[in-house]
Amino acid sequence: MRRLARLQLLPAHGIAFASRAMPQTIAARPHHWFGAFFLAVVCAYALSPFMALWSIDGALKSHDANTLATHIDWSALTDSLKQQTISAINGPAPAADDLPDFGSSFATSAVSHAIDTRLTTDSLLTMATQMMPAGQQPASWRDLWSKFSARFVGLTGFEARLVSRPGQAPTTVHMKFEHWHWKVTRLELPAGA
């Protein structure tokens, strides 16, 4: 009988001990959960532009225009391509008192109209296909590590650079975090592309 009494007292004593210790562990848990949640959010945010680039790469390789379209801020990309193309045509800016000649003005409006009407996901897919050498094997991790660089430019900005050919300027993709995912806002192509 004494053994039974001991067995009954031990669980009761253990439960009483556990109930006294519970408030301390429960009070400490929210801080741990908050820290773990915050760390998970920061890691997810840091990896998200790379996942977006991976999705864009997959869309380019599989010619998936719908997926590519979701990763592009069309107004920002159109404006940046107009600006780059027009500055390449016009060359250095004229002096403040000089008026642009008629040919320059005509070329500027023609380029602007062409980009407005012809820039589509299909044209971007065609351009990307032409930039990628035919029959090229996928790059190894070592090659990719030496040719690819990426960095955050502010809290909502990201920039990725890829050198496609040795000695050539890199192709630079500027992305912005908007509407809860990354979108391409600017594309800087090498001079010979």
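**Exercise 1. Secondary structure along the chain**

Task: Work out how many helices and strands the chain has, and in which pattern they follow one another.

Solution: In this predicted model, the chain has 6 helices and 4 strands. Reading along the sequence then gives the pattern α-α-α-α-α-α-β-β-β-β.

**Exercise 2. The sheet**

Task: Find the order in which the 4 strands form a sheet, and state which strands stand at the edges.

Solution: The 4 strands form an open sheet in the order β1-β2-β3-β4, and their pairing is antiparallel. In this order β1 and β4 each have a single partner strand and stand at the edges, so one side of each is left without a neighbour in the sheet. Neighbouring strands are turned against each other by 20° on average, when direction is ignored. As a background to the pairing, strands of a sheet pair through backbone hydrogen bonds, either parallel or antiparallel.

One pair can be followed in detail: β1 and strand β2, which covers residues 157–162, pair in the antiparallel sense over 5 bridges. Within this part of the sheet, Phe148 has Leu162 in β2 as its bridge partner.

**Exercise 3. Trp182 and its ring partners**

Task: Describe the ring pairs that Trp182 makes with Tyr45 and with Phe152, and explain why each pair has its class.

Solution: The structure holds 9 aromatic pairs. For Tyr45 and Trp182, the ring centres are 5.8 Å apart and the planes stand at 40°, so the pair is tilted. Tyr45 belongs to helix α1 (residues 2–62) and Trp182 to strand β4 (residues 181–188), so this pair ties together parts that are 137 residues apart in sequence.

The next step is to ask how far each of these residues is covered. Tyr45 counts as partly exposed, because its relative accessibility is 23%, whereas Trp182 counts as buried, because its relative accessibility is 2% and the cut-off for buried is under 20%.

For Phe152 and Trp182, the ring centres are 6.1 Å apart and the planes stand at 65°, so the pair is edge-to-face; the limit for that class is over 60 degrees. Phe152 lies in strand β1 (residues 148–152) and Trp182 in strand β4, so the pair ties together parts that are 30 residues apart in sequence. Phe152 itself is partly exposed, with a relative accessible area of 34%.

Finally, ring pairs link Tyr45, Phe50, Phe152, Phe158, Phe177, Trp180 and Trp182 into a cluster.

**Exercise 4. Two histidines with positive phi**

Task: Locate His63 and His179 in the chain, and decide whether each is buried, partly exposed or exposed.

Solution: Most residues other than glycine have a negative phi. His63, however, has a phi near 55°, which is a positive value in a residue other than glycine. His63 lies in the loop between α1 and α2 (65–70), and with a relative accessible area of 47% it is partly exposed.

His179 likewise has a positive phi, near 55°. His179 is placed in the loop between β3 (171–178) and β4, and with a relative accessible area of 66% it is exposed.

**Exercise 5. The chain as a whole**

Task: State what share of the residues is buried, and what supplies the exposed area.

Solution: The chain has 193 residues, of which 22% count as buried. The chain exposes about 14,400 Å², and carbon and sulfur atoms supply 66% of this area. Among contacts between residues at least 6 apart in sequence, 53% join residues at least 24 apart.

Definitions and conventions: Residues numbered from 1 in each chain as written. Predicted model: local features only at pLDDT ≥ 70, side-chain atom pairs only at ≥ 80, totals over all residues. Heavy atoms only, no water. Phe/Tyr/Trp six-rings, centres within 6.5 Å; stacked < 30°, edge-to-face > 60°. Buried < 20%, exposed > 50% of the residue type's maximum accessible area, 1.4 Å probe, protein only. Pairing = 2+ DSSP bridges. Axes fitted to C-alpha atoms, helices over the stretch in contact; angles between N-to-C directions. Contact = heavy atoms within 4.5 Å. Areas by Shrake-Rupley, 256 points an atom, 1.4 Å probe, with all protein chains shown as cover.
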